[in-house]
Amino acid sequence: MGHLKLEHHPDSHVLVQVFRTVRNISDILEKVKKKEVDAVLLDERMILSNFHLGVAINRALHNERAGTMRTRHITTEIILALSPHNNISKSLTVFGITSYTYNVVAVTLARGEAELLEKAARVKQMIKGDLVNDCRGFQFDDLEVSSAYNVTNTELEVASLEECVVMKIATKA
């Protein structure tokens with residue numbers, strides 16, 4: 001889906017890549033367990049938009065700079081920031097990739113453009129799937145997202161799903 005510009009973190013470069021019909025998810029999971037992946041790998045069904053991702057990335061980078069990270073690595077901190085909960089394990093299960101994931105959102109972060117492109121190329125080489133630039137956005141599951149964030153019908157009467165989710169991320173203690 002391209003580069004994300006982070007207004008509050010202009011020195012951080014972020015690239016979002018979407019891979020569909022991923023055929024080597026078990027190999028990728030092995031590399032994740034061995035900490036050989038320098039990107040955040042997310043289940044596309046749980047990501048609403050670049051704005052949704054941007055809010056979580058901003059929060060994680062803020063926590064990193066403030067020295068208040070709850071996890072050991074910025075990639076895990078981003079997954080935790082996406083979650084409405086403070087439970088790291090649950091966040092990884094809900095938003096991270098699993099053996100049942102077919103569409104993967106890869107978020108790569110770096111301090112410079114050259115480093116970002118190098119990391120993104122390694123991610124692209126690792127994931128055996130169709131890299132897409134879908135102008136229609138992410139293929140999310142609105143029921144699963146609503147359930148994960150406990151969005152009620154009453155909330156949806158006054159705001160969009162994206163607005164409800166972003167509000168819950170932004171106001172999480």
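Hi everyone. Of the 173 residues in this chain, 48% count as buried. Before I go on, please keep in mind that this is a predicted model.

Let me start with the overall fold. The chain holds eight helices and five strands. Reading from the N terminus, the order of elements is β-β-α-β-α-α-α-β-α-β-α-α-α. The radius of gyration is 15 Å, close to the 16 Å that the globule rule gives for 173 residues, so the chain is as compact as a globular protein of that length. If you prefer a box, the C-alpha trace spans about 45 × 35 × 30 Å along its principal axes.

Now to the charged pairs. How many salt bridges does a search of the whole structure find? The count is 10, and I'd like to walk you through some of them.

Please find Asp 11 on your screens. Asp 11 forms a salt bridge with Arg 65, and the closest N and O atoms are 3.2 Å apart. This pair links distant parts of the chain: Arg 65 belongs to helix H2, residues 50–66, while Asp 11 is in the loop between strand S1 (2–4) and S2, and the two are 54 residues apart. Are these two buried or exposed? Neither label fits: Arg 65 is partly exposed, with a relative accessible area of 39%, and Asp 11 is partly exposed too, at 37%.

Asp 11 has another partner. The side chain of Arg 111 meets the side chain of Asp 11 in a salt bridge, at 3.9 Å from N to O. Arg 111 sits in the loop between strand S4 (104–110) and helix H5 (113–126), and Asp 11 in the loop between S1 and S2, so this pair ties together parts that are 100 residues apart in sequence. Arg 111 is partly exposed, with a relative accessible area of 44%.

Putting that corner together, Asp 11, Glu 64, Arg 65 and Arg 111 are linked in a network of salt bridges. As general background, side chains of opposite charge can pair when their charged atoms come close.

Let's move over to Arg 45. The side chain of Arg 45 meets that of Glu 144 in a salt bridge, with 2.4 Å from N to O. Here again the pair links distant parts of the chain: Arg 45 is in the loop between S3 and H2, Glu 144 is in helix H6 (residues 142–148), and they are 99 residues apart. Arg 45 counts as partly exposed at 34% relative accessibility, and Glu 144 is partly exposed with a relative accessible area of 32%.

Next, a look at the surface. Which residues form a positive surface patch? They are Arg 23, Lys 31, Lys 34 and Lys 128. Of these, let me pick out Lys 31, which is found in helix H1, residues 25–33. Lys 31 is partly exposed, with a relative accessible area of 32%.

On either side of H1 there is some backbone geometry for us to check. Most residues other than glycine have a negative phi. With that in mind, look at Thr 21: its phi is positive, about 55 degrees, although Thr 21 is not a glycine. Thr 21 is found in the loop between strand S2 (13–20) and H1, and it is partly exposed, with a relative accessible area of 46%.

Then there is Lys 35, where phi is near 60 degrees, again a positive value in a residue other than glycine. Lys 35 lies in the loop between H1 and strand S3 (40–43). Is Lys 35 buried or exposed? At 71% relative accessibility, Lys 35 counts as exposed.

Let me finish with two distances. Phe 19 is found in strand S2, and Phe 19 is buried, with a relative accessible area of 1%. Phe 19 and Asp 130 are 111 residues apart in sequence, yet their C-alpha atoms are 5.2 Å apart in space.

The other distance involves Arg 70, in the loop between H2 and helix H3 (74–82). The C-alpha atoms of Arg 70 and Leu 82 are separated by 13 Å, with their positions 12 residues apart along the chain. Arg 70 counts as partly exposed, at 44% relative accessibility.

That's my tour. Thanks for listening, and I'm happy to go back to any of these spots with you.

How values were computed: Residues are numbered from 1 along each chain as its sequence is written. This is a predicted model: local features need pLDDT of at least 70, side-chain atom pairs count only at pLDDT 80 or more; totals for chains, interfaces and linings use all residues. Side-chain values use heavy atoms; hydrogens and water are left out. Patches are made of residues with over 30% relative accessible area and no salt bridge: like charges are joined within 9 Å, nonpolar side chains (Val, Leu, Ile, Met, Phe, Trp, Tyr) within 5 Å. Accessible areas come from the Shrake-Rupley method with a 1.4 Å probe; for residues, only the protein chains shown count as cover. A salt bridge is a side-chain nitrogen of Lys or Arg within 4 Å of a carboxyl oxygen of Asp or Glu. Lys and Arg count as positive and Asp and Glu as negative; His and the chain ends are not counted. The place of a charge is taken as NZ of Lys, CZ of Arg, CG of Asp or CD of Glu. Helices (H or I, at least four residues) and strands (E, at least two) are DSSP runs, numbered from the N terminus. Buried means under 20% relative accessible area, exposed over 50%, partly exposed in between (1.4 Å probe, protein chains only). The radius of gyration is taken over C-alpha atoms; the globule rule is 2.2 Å times the number of residues to the power 0.38.
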